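Dear colleague,

Please find below the structure that I am handing over to you. My notes on what was found in it follow directly after.

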Amino acid sequence: MTGHPRRWGILGVLVFSLLAVVLDNTILNVAMKTIADETAGLGATQSELEWAINSYTLVFAGLLFTFGVIGDRTGRKRMLMIGMVLFGLSSLASAYAQDPTQLILARAAMGIGGAAIMPATLAIISNVFPPAERGKAIGVWAAGVGLAVAIGPITGGLLIENYWWGSVFLINVPIVIVASVLIAALVPESRDPKPSRLDPVGVVLSIIGLVAVVYGIIRGGELATFADAEVLVPTLFGVAVLGVFVWWERRIDHPVFDVRSFADIRFSSALGMMGIVFFAMMGGMFFLTFYLQIVLGFTPVQAGALMIPFAAAQLVFAPLSQRVTQRLGAKLSATLSMIVITLALGSYALMDQNTPIVLLEIVFFVQGAAMANIMPPATTAIMESLPREKAGVGSAMSNTVRQVAGALGVAVLGSVLSSSYRGEIAPALAGLPAGVQHAAGESIMATMGVAQELGDRGQALIRPAFTAFIDGMHVTALVCAAIALVGIFAVARWMPGKQRNAKHAEKKEPALASSRG
């Protein structure tokens, strides 16, 4: 197979189409402080901010498989176009939300559009590129995502400083319009000649289970305890529903999430590694936003600029990752990258108000470079573990794990930060009325808001707030590093080495060729 004659142009269009989806998450991180502001934003609490992130992620993850299958059945280009329109309209609704609840609902609608876009892009790449070029194409795709990560914080910072908070969502609309025109003109239609049937029961079970678990975790952070019935009941219910989901998926012949695919060690180890990385990364990004803007006092634009080394490293190293994997083998390159990520996450536990910015930038760059050497090879391994005509489902599985892991990272690590902060700041709030104590203790943003209202008397809360936040950040960073440490052992134990990768490719390609014939 030589591939589509316009495949590189098509790849450019697909990367541009993803720009809005990726920009949305990175821009939102920069905008969180402003959205939490009572005057300039919506007065969102920390838990509402977590839900503004996770409502999108959970809907996105819950519908990825269904839209992957629908795209394989009805046409991936068609699904991509529908996703772009939905994403644009819901971005418009997010921009003009009047309160946190409206924003959370509009973000959930954005998740529907994103779920239609993401699997279609990787599925089209798998269809227009021959196997020899597919790894390089996915590396370029990942580099494009890195570029969006790079310009997202800067764009968000500029918009926040010059316009109202809703502009961070409104920026998606022109991107969607241009991308839709390019998709219509250049991207070819493709579909699975033997599409899978839909699995509505699996979709419903997965969404209910995930939402219940994440709700319980976030509620635990709000209450500063995980022993309360308000935490245990939804969490255990969610776990039970997810258990039923796994049982259902093993029972039917057209599962939305084929758990039997995990029997392929290359597939399961790549997915597991990807999940661990995104769990730690998204949770880490959540506390870094407040660390940069509140503790270190940077403006949104400056905070966005500080994230450039992280994204630039991905932009530089992602296209080279296939070469590194070929030279060292997947096991060694992934293990070394996981070690670097673990050390980078652990280093945040050593940072405080006096940490040199140069050191922070070095850590961001090193962490970005390590991620660049994990994501493209892992994505390629996942896509090549499935038949080419199932590319939409393979892409959906990859992105589902990333999104679910990211949502759980924000929920779990956000709750760890919230719980630790509430415990540390409590003595400093002891002299305030009970209702004010509870509200001020939820997050550093809430404490700073109360301090501002109290005037000169509130100045005494600022130093304890910074100390409590930094202590909570240290605890959260160590939890991040511990989770990444588990990833090191998992990759070193189960990720296939150089020789197995070669044998797997030799066995897989005839199967792919026969499926095309």
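In which helix does Val324 lie? Val324 is part of helix α13. Please keep in mind throughout that this is a predicted model.

**A nonpolar patch on the surface**

Val324 belongs to a nonpolar patch on the surface, together with Leu328, Leu332, Leu336, Ile339 and Leu343. The accessible area of these residues together is about 480 Å². Two helices, α13 (321-328) and α14 (330-347), each supply at least two residues of the patch. Helix α14 gives the most, with four residues. Val324 itself counts as partly exposed, because its relative accessibility is 31%, and partly exposed means a value between 20% and 50%. As general background, an α-helix has 3.6 residues a turn, so residues three or four places apart point the same way.

**The chain as a whole**

The secondary structure comprises 21 helices and zero strands. The chain has 517 residues, of which 60% count as buried. Its accessible surface comes to about 19900 Å², and carbon and sulfur atoms account for 67% of that surface. If one takes the contacts in the chain with a separation of 6 or more, 83% of them are between residues 24 or more positions apart.

**Confidence in the model**

The average pLDDT of the chain is 80, and 90% of the residues score at least 70. Among the elements of the chain, helix α3 (residues 76-95) has the highest mean pLDDT, at 92, and helix α21 (residues 498-516) has the lowest, at 44. Over residues 499-517 the pLDDT stays under 50. For that stretch the model has 22 contacts beyond four places in sequence. Where pLDDT is low, the predicted coordinates should not be read in detail.

**The salt bridge**

How many salt bridges does a search of the whole structure find? The search finds one. In this salt bridge the side chains of Arg7 and Glu133 meet, with 2.6 Å from N to O. Arg7 lies in helix α1 (residues 7-36) and Glu133 in helix α5, so the pair ties together parts that are 126 residues apart in sequence. Arg7 counts as buried, because its relative accessibility is 15%, whereas Glu133, at 23%, counts as partly exposed. In general, side chains of opposite charge can pair when their charged atoms come close.

**Aromatic pairs**

A pair of aromatic rings is described by the distance of the centres and the angle of the planes. The count of aromatic pairs in this structure comes to six. One of them joins Tyr96 and Trp164: the ring centres are 5.5 Å apart and the planes stand at 40 degrees, so this pair is tilted. Tyr96 is in the loop between α3 and α4 (100-128), while Trp164 is in the loop between α5 (131-162) and α6 (167-170), so the pair ties together parts that are 68 residues apart in sequence. Tyr96 counts as partly exposed, at 48% relative accessibility, and Trp164 counts as partly exposed at 35%.

Phe317 and Phe365 form an aromatic pair that is edge-to-face, with 6.0 Å from centre to centre and 70 degrees between the planes. Phe317 lies in helix α12 (residues 308-317) and Phe365 in helix α15 (residues 357-372), so this pair ties together parts that are 48 residues apart in sequence. Phe317 is partly exposed, with a relative accessibility of 27%, and Phe365 is partly exposed, with a relative accessible area of 36%. In addition, Phe287, Tyr348 and Phe364 form one aromatic cluster.

**Two glycines and a helix**

Is Gly487 buried or exposed? Gly487 counts as buried, because its relative accessibility is 0%. This residue lies in helix α20 (residues 462-494). Not counting residues up to four places away in sequence, Gly487 touches Ile276 and Met338. The C-alpha atoms of Gly487 and Thr335 are separated by 8.4 Å, although these residues are 152 residues apart along the chain.

In helix α19 (residues 444-454), the buried residues are Ile444, Met445, Thr447, Val450 and Ala451. Just after α19 comes Gly455, which takes a positive phi of about 70 degrees.

With kind regards

Technical notes: Residues numbered from 1 in each chain as written. Heavy atoms only, no water. Patch = residues over 30% accessible without salt bridge, like charges linked within 9 Å, V, L, I, M, F, W, Y side chains within 5 Å. Areas by Shrake-Rupley, 256 points an atom, 1.4 Å probe, with all protein chains shown as cover. Salt bridge = Lys/Arg side-chain N within 4 Å of Asp/Glu carboxyl O. Buried < 20%, exposed > 50% of the residue type's maximum accessible area, 1.4 Å probe, protein only. pLDDT = per-residue confidence, 0-100. Contact = heavy atoms within 4.5 Å. Phe/Tyr/Trp six-rings, centres within 6.5 Å; stacked < 30°, edge-to-face > 60°.
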